[in-house]
Amino acid sequence: MIAMIGLVAIGLLTLAACGESEPAAPSDVGARAVAMMTGSDGASMGTVTLTQVPSGVLVSADVQGLSAGGHGFHIHGVGACAPDFTAAGGHFDPDETGHGLLVNDTPHPGDLPNIYAGADGTARADVLTAAVTLDAGADRSLFDADGSAIIIHAKPDTYGEEPGAGDRVACGVIQRA
């Protein structure tokens, strides 16, 4: 059984709240990046593909090896996973806006909705976020000086001020495809 969630748009308020009445169209529409996800034991856990679209970045997860249920799913601020996934730093938050899709009217760009794994440990999700870009050199680019990573957590994010998503169970450095 593969768990599915629908296409979710987030991050639109983040851009408007930062003084942009309408975000500039990305110059790199169609650009792709991929994060090869690995578990703490080094085993492959699937991929997360990111595609620049006119309205933001489509983040598509196709992962396995998770426990059944919800898992925090975030973009982290450093493109590194070793040694124990803490090298990825905190959630991607270049504007220091803070965490919490439910409590913060401008949640940081690394906040993404939870993903859900079925009883067989697989999860498939598509999330659209307008809060980041793959355009190098642009504000909120995932390809800033230290790169970015995708982290999947052991528990679901609470969407509150504190994520509460538990241990980091999978990590992948975001690299241009």
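## Working through a predicted model

In this protein, 65% of the contacts with a separation of 6 or more are between residues 24 or more positions apart. The model you're looking at is predicted, so keep that in mind as you go.

**Exercise 1. Getting your bearings**

Work out how many helices and strands the protein has, and in what order they come.

*Solution.* Start by counting: there is one helix, plus 10 strands. Next, walk along the sequence, and you get β-α-β-β-β-β-β-β-β-β-β. Now for the surface and the inside. Of the 177 residues, 48% count as buried. The accessible surface comes to about 7,900 Å², and carbon and sulfur atoms make up 55% of that.

**Exercise 2. The disulfide**

Find which cysteines form a disulfide, and say where they sit in the chain.

*Solution.* Step one: searching the whole structure turns up one disulfide. Step two: the partners are Cys81 and Cys171, with sulfur atoms 2.0 Å apart. The cut-off is 2.5 Å, so this pair passes. Step three is to place them: Cys81 lies in the loop between β6 (73-76) and β7 (115-117), while Cys171 belongs to strand β10 (residues 168-176). They are 90 residues apart, so the pair links distant parts of the chain. Step four: the torsion about the S-S bond of Cys81 and Cys171 is about -80°, which makes the disulfide left-handed.

Are these two cysteines buried or exposed? Buried means under 20% relative accessible area. Cys81 comes in at 13%, so Cys81 is buried. Cys171 has just 1%, so Cys171 is buried too.

**Exercise 3. A histidine and its surroundings**

Describe where His71 sits and what its side chain reaches.

*Solution.* First, locate His71: you'll find it in strand β5 (residues 69-71). Then check its accessibility: at 1%, His71 counts as buried. Its side chain reaches the backbone oxygen of Ala154 at 3.3 Å. Finally, list its contacts, skipping neighbours within four places in sequence: among them are Leu66, Asn114, Ile115, Ile152 and Pro156.

**Exercise 4. An enclosed strand**

Explain why strand β8 counts as largely enclosed, and find which strand it pairs with.

*Solution.* Begin with burial: strand β8 (residues 123-129) has seven residues, and five of them are buried, so the rest of the structure largely encloses it. Now look for a partner. Strand β4 (residues 56-63) pairs with β8 in the antiparallel sense, over seven bridges. To see one of these pairings up close, pick Val59: its bridge partner in β8 is Val127.

Terms used
Residues numbered from 1 in each chain as written. Predicted model: local features only at pLDDT ≥ 70, side-chain atom pairs only at ≥ 80, totals over all residues. Heavy atoms only, no water. Helix = DSSP H or I, 4+ residues; strand = E, 2+ residues; numbered from the N terminus. Buried < 20%, exposed > 50% of the residue type's maximum accessible area, 1.4 Å probe, protein only. Polar contact = N/O pair within 3.5 Å; in protein donor to acceptor, adjacent residues only side chain to side chain. Contact = heavy atoms within 4.5 Å. Areas by Shrake-Rupley, 256 points an atom, 1.4 Å probe, with all protein chains shown as cover. Pairing = 2+ DSSP bridges.
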